[in-house]
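Here are my notes on the model, set out as numbered points that can be followed with the sequence and the coordinates open side by side.

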Amino acid sequence: FAGKVTGLATVFPGEDDADIILQEAFDLGLKGVKLHAHVQCFDMNSPDMNRVYECCLNHQKPMVMHVSREPKSPAYKCDPYELCSVDKLETVLKNFPGLKICVPHLGFDEIFAYKSLIEKYDTLWLDTAMAVTNYFPIKEAVLLNQYRSDRIMYGSDFPNIPYAWDRELKVIQQDNLSQESLEKICWRNGAEFFQV
């Protein structure tokens with residue numbers, strides 16, 4: 001597993017033949033879909049998204065969806081606070097049972113609401129990218145040993161990070177996690193999510 005790259009597809013929600021584009025991507029061996037609401041300016045509850053969700057479900061492919069509200073930037077052409085929320089994601093999880101979704105950054109800035117959501121849904125994962133390094137202004141400490149360890153994946157956002165590449169790993173190692181939980185977070189959960 002070490003050193004393996006897992007390729008993901010993307011589409012612009014609402015574009016013509018989005019499901020056909022994804023079908024072709026999956027046929028080429030891509031392992032899932034990555035969407036970013038801040039960049040692509042889509043509402044995860046819009047009817048245009050249904051074909052994307054259904055295509056992923058039909059092919060048993062997971063989705064990585066950046067649908068948390070932060071980081072917000074004036075560079076974005078849309079307001080992530082209008083497009084994104086834990087409640088909107090829960091609507092997707094309810095309407096498309098069986099669809100596997102990972103939300104980056106532990107769902108920052110609604111981290112603790114997303115923590116509750118992974119307790120309710122076996123099809124939701126969160127990744128740790130930038131959320132456990134004291135980079136984001138999080139009021140309460142994020143203690144991964146209090147999370148459901150089978151639904152957390154290590155994420156780094158490397159190489160687009162403003163700190164040392166191993167900072168996140170060092171923090172995770174200091175979080176009093178069992179060896180089993182460390183293995184789940186650092187690789188087993190990712191292997192299960194992407195079926196590699």
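1. In this predicted model, R188 is partly exposed, with a relative accessible area of 41%, and its partner in a salt bridge is E183, the closest N and O atoms being 3.2 Å apart. E183 is partly exposed as well, at a relative accessible area of 27%, so neither R188 nor E183 counts as buried. A search of the whole structure finds 12 salt bridges, and the R188 and E183 pair is one that can be checked directly in the viewer.

2. A second salt bridge to inspect joins E90 and K120, where the closest N and O atoms are 2.6 Å apart. This pair links distant parts of the chain, since E90 belongs to helix α5 (residues 86–95) and K120 to helix α6, 30 residues apart. The two ends sit in unlike surroundings: E90 counts as buried because its relative accessibility is 13%, under the 20% cut-off, whereas K120 is exposed because its relative accessible area is 55%, over the 50% cut-off. As general background, side chains of opposite charge can pair when their charged atoms come close.

3. The side chains of D150 and R148 also meet in a salt bridge, at 2.9 Å from N to O. R148 is buried, with a relative accessible area of 18%, while D150 is partly exposed, at 22%; both values lie close enough to the 20% cut-off that I would quote the percentages for R148 and D150 along with the labels. The pair does not stand alone, as D122, R148, D150 and R151 are linked in a network of salt bridges.

4. How are the strands ordered in the sheet? The sheet is open and holds 5 strands in the order β1-β2-β3-β4-β5, with parallel pairing. β1 (33–36) and β5 (152–153) are the edge strands, each pairing on one side only. Helix α3 (residues 48–59) packs on this sheet, where it touches β1 and β2 (63–66), and its direction makes about 145° with that of β2.

5. The pairing can be followed strand by strand. β1 and β2 pair in the parallel sense over 4 bridges, with V33 standing opposite M63 in β2. β2 and β3 run parallel and are joined by 2 bridges, and here V64 stands opposite C102 in β3. Within β2, M63 and M65 point one way, V64 and H66 point the other way, and all are buried; in general, side chains in a regular strand alternate between the two faces of the sheet.

6. Further along the sheet, strand β4 (residues 124–127) pairs with β5 in the parallel sense over 2 bridges, and the bridge partner of L126 in β5 is I152. Helix α6 packs on the sheet, touching β3 (101–103), β4 and β5, and its direction makes about 145° with that of β4. K115 lies in α6 (residues 111–120) and, leaving aside neighbours within four places in sequence, is in contact with L126, Q146 and Y147.

7. Which residues touch the most other members of the largest nonpolar core? Among its 53 residues, these are M63, V67, L89, I101, L106 and L144. Helix α3 gives the most to this core, with 5 residues. A second, separate core of 6 residues includes C102, W125, M153 and F193. Returning to L144, and not counting residues up to four places away in sequence, its contacts are L106, T128, V132, I152, I172, D175, L177 and I185.

8. The structure holds 6 aromatic pairs. One of them, F108 with F136, is stacked, at 4.3 Å centre to centre and 0° between the planes. F108 lies in the loop between β3 and α6 and F136 in the loop between β4 and β5, so the pair ties together parts that are 28 residues apart in sequence. Both F108 and F136 are buried, and they belong to one aromatic cluster formed by F108, Y135, F136 and Y163.

Key
Residues are numbered from 1 along each chain as its sequence is written. This is a predicted model: local features need pLDDT of at least 70, side-chain atom pairs count only at pLDDT 80 or more; totals for chains, interfaces and linings use all residues. Side-chain values use heavy atoms; hydrogens and water are left out. Contact means heavy atoms within 4.5 Å. Two strands pair if DSSP finds at least two bridges between them. Axes are lines fitted to C-alpha atoms, for helices over the stretch in contact, and angles run from 0 to 180 degrees between N-to-C directions. A nonpolar core is a set of buried Ala, Val, Leu, Ile, Met, Phe, Trp, Tyr and Cys residues joined through side-chain atoms within 4.5 Å. Buried means under 20% relative accessible area, exposed over 50%, partly exposed in between (1.4 Å probe, protein chains only). A salt bridge is a side-chain nitrogen of Lys or Arg within 4 Å of a carboxyl oxygen of Asp or Glu. Rings of Phe, Tyr and Trp (its six-membered ring) pair if their centres lie within 6.5 Å; planes under 30 degrees apart count as stacked, over 60 as edge-to-face and the rest as tilted.
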